[in-house]
Amino acid sequence: RSPVSVMSTVELLAPLREEEENQRLKSRSAGDLLIGANTRAITFLEERALEGPPLDASICGSSAVSGELNLASTAIKIGEVTEGEIAAFSKQTLEFVFAPENSGEHSAQFLISFSNPTVSSISLLARGVARELPVYVESERVSLHTCTIWRLYQDSVTLFNRAGTALGLTFHVPEEAQGHLEVLPKHGMVQGGSKFTAQLKLLPKRSIFSDCGNYVDLSSGVLEIPVRVSIANQALPISFSVVCKVTVPDMEFSLPSLSFGPCTVHECAVASVTLHNRSSLPQRFGFVGLPDEVEVQPNDGFGTVLPEESLSLDVIFIPGKPQLYEWNLVCRTDTNGAYQLPCCGEGVLPSLRLSHSVVNFAATAVGDVSSAVIAVHNPKLSRLNSAVIRGAVQPQGAKSFEFALPSSVPLTLSPAVATVPLGESVSVRLEFAPRLESAAIVEEAVKLAAHNQSVEAKGSETPAEADGLPKKKAKRQSTEKASLVSCSKGSMSSTQGRLEDKPPTPPAQGSGQWWRGYSSLLQGFGNTCSSWSIPCFVSCEGPSASHRPQDTLYLEVTCPIIQPALVVVSDSGCTTVDFGAVCTGTVVAKCVTVKNICSDTLQLRCCVLDPLGAFEVRNAMRSVETNSSHTLIVNFSPTAGGECCEDLCVLHCKGSLVLRLRG
């Protein structure tokens, strides 16, 4: 008989209604510990040895669960005391904790061992039955996703009653969150076998982060507020959490204010500002109540800014009168937020006026010319209508202007500098003549030369084939030369190495290689469109001549460049027909072949040459289909000594091709 035994009496701290469930279980032996639906049971160990030293005891165990779910962790655990000492004729209390997470029967096997090897270990089986609570919540986490300050968010939570009787409910919101979260109704009654729905209202204020600091996850910024529900006749309350991420609906401008400075009444001033969204939600915005002189682009000041995104906006100031303007740029969001940006600008009247401040040229092919005409006016103004800037009256009289044209722009203005008398106008002619850059032509010519050099080095094309000889004759010549190559293999290899190592020299402008590069670029040209803003500086004439920055005018020029529809394919694509030295009274004819590289059929016609000149077109013009060519025969018959030059313009529906005749 073991000196230590487990008493068969077990104290159950379970409610009275649990006794019926306990009686359903099987009868237990002396080593059986029955645990009811409560979370704790107590057993005793008694020392029955009549004499001897105290015994050291330790306890360990394993668990098993029977029911619908098999839990990985045990529901029955030993308490804080897992080892100790039992004195003679004494007892030791051990605590077992029953904390089930799922309903069903749970069991755990415990083994009590002793330090004295003569004392056998004691096996203890603990069993318990877990039943579901009568009232439970449908979802323990109610997610409101991302919420904005000072906006009301509502949701509902549903509680179910498994019992057959009605039970009272009371919702308890933490004191720190009571100013932000509300549950309606606070008290309620759920009928037996029915459900109860309560409404959640969340109205976060800016103080929610300081008030509910204990419920905020600083790493993710997620707010989780626990709500406890007390139930009548149910000792264990239930709870659920309201989870959300609270963000501010703030937007801010990158600049504290905008100043446009002086701007002429016929021009516009543009200032850029960045709008930043500090919210974690996308926000729609719009600039409302704008003055007639102000525009906001793009999309007329309306759009959507993504979370933590910055959007660049252009504020356009177009003054209509010579006066000082001050206004507030108001940006409103879909959260009813209003953000103001102070702005100011000054409208002035310029000394001169352009008839057109924007010139849009028609699509012009490379090598063609387009023109436009504008007028520069010097209007007469009365003293009351004169442009006043900070109290200074602008003097009246003749004004001089100068267009500052960049050298890289393929535009010509005539005249670029002139003086306009008071009350008069001066016409300015603009010519747009797109050309290919000389550096690009040289680069393309070098590439073609390198390609041809590599082909010759590899021997991919025999000289007979290059000269256009018949295939049989070319084959015979290549066979004859093959023997020569085999005899001088070493010298040929060294020659090829020198050809490959020696880079092609850049061609001179106007050479055949240069024109081949020009023709290659034309046939592979892609359409482009360029815009330039050309300043026009204005100054007063006379002893008090001066220039003011606010008098500067700007001319916007848009120039689309397209591929030419008709190109020269003869003489390496050269557009200059040079007859050289010709004796007086003789006739020399030259042929120029042009090719249609566009997708439409072109009807060619020729401009009229000088009837008394030395040049003459001998054949008639006709229509040229796509990828077809036409040959022009031009005669040169000089009647007197000297150099003759004339331009032959071949016209078609998409432009013109200019051939320069010289002899």
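Colleague: Are Phe-579 and Phe-615 buried or exposed?

Modeller: In this predicted model, Phe-579 and Phe-615 are both buried.

Colleague: How many aromatic pairs does the model hold, and where should one begin?

Modeller: The count comes to 14 aromatic pairs. Phe-171 and Phe-196 make one that is stacked, with 6.4 Å from centre to centre and 25° between the planes. Phe-171 belongs to strand 14 and Phe-196 to strand 17 (residues 195-202), so this pair ties together parts lying 25 residues apart in sequence. Phe-171 and Phe-196 are each buried.

Colleague: Why is the pair of Phe-579 and Phe-615 classed as tilted?

Modeller: Planes under 30 degrees apart count as stacked and those over 60 as edge-to-face, the rest being tilted. The planes of Phe-579 and Phe-615 stand at 45°, with ring centres 5.8 Å apart, so the pair is tilted. Phe-579 is placed in the loop between strand 42 (576-578) and strand 43 (588-596), while Phe-615 is in strand 46 (residues 615-617); the pair therefore ties together parts 36 residues apart in sequence.

Colleague: Which residue lies over the face of Phe-579?

Modeller: Lys-590 lies there, at 5.9 Å from the ring centre. Ring pairs can also link several residues: Phe-260, Phe-317, Tyr-325 and Trp-327 form a cluster in this way.

Colleague: Turning to sheets, how do strands pair in general?

Modeller: Strands of a sheet pair through backbone hydrogen bonds, and the sense is either parallel or antiparallel. In this model, five strands make an open sheet with mixed pairing, in the order 21-28-27-23-25. Strand 21 (258-264) and strand 25 (302-305) are the edge strands, each pairing on one side only. From one strand to the next, the twist averages 25°.

Colleague: In which sense do strand 21 and strand 28 pair, and over how many bridges?

Modeller: Strand 21 pairs with strand 28 (residues 338-348) in the parallel sense, over five bridges. Thr-264 stands opposite Val-348 of strand 28.

Colleague: How should one read a single loop residue such as His-180?

Modeller: One may take its place, its exposure and its contacts in turn. His-180 sits in the loop between strand 14 (167-172) and strand 15 (181-184). Buried means under 20% relative accessible area; His-180 has 4%, so this residue is buried. Apart from neighbours within four places in sequence, His-180 is in contact with Lys-201, Leu-202, Leu-203, Pro-204, Lys-205, Ser-207, Ile-208, Asp-211 and Cys-212.

Methods
Residues are numbered from 1 along each chain as its sequence is written. This is a predicted model: local features need pLDDT of at least 70, side-chain atom pairs count only at pLDDT 80 or more; totals for chains, interfaces and linings use all residues. Side-chain values use heavy atoms; hydrogens and water are left out. Helices (H or I, at least four residues) and strands (E, at least two) are DSSP runs, numbered from the N terminus. Buried means under 20% relative accessible area, exposed over 50%, partly exposed in between (1.4 Å probe, protein chains only). Contact means heavy atoms within 4.5 Å. Two strands pair if DSSP finds at least two bridges between them. Axes are lines fitted to C-alpha atoms, for helices over the stretch in contact, and angles run from 0 to 180 degrees between N-to-C directions. Rings of Phe, Tyr and Trp (its six-membered ring) pair if their centres lie within 6.5 Å; planes under 30 degrees apart count as stacked, over 60 as edge-to-face and the rest as tilted. A charge sits over a ring if NZ of Lys or CZ of Arg is within 6 Å of the ring centre and within 35 degrees of the ring normal.
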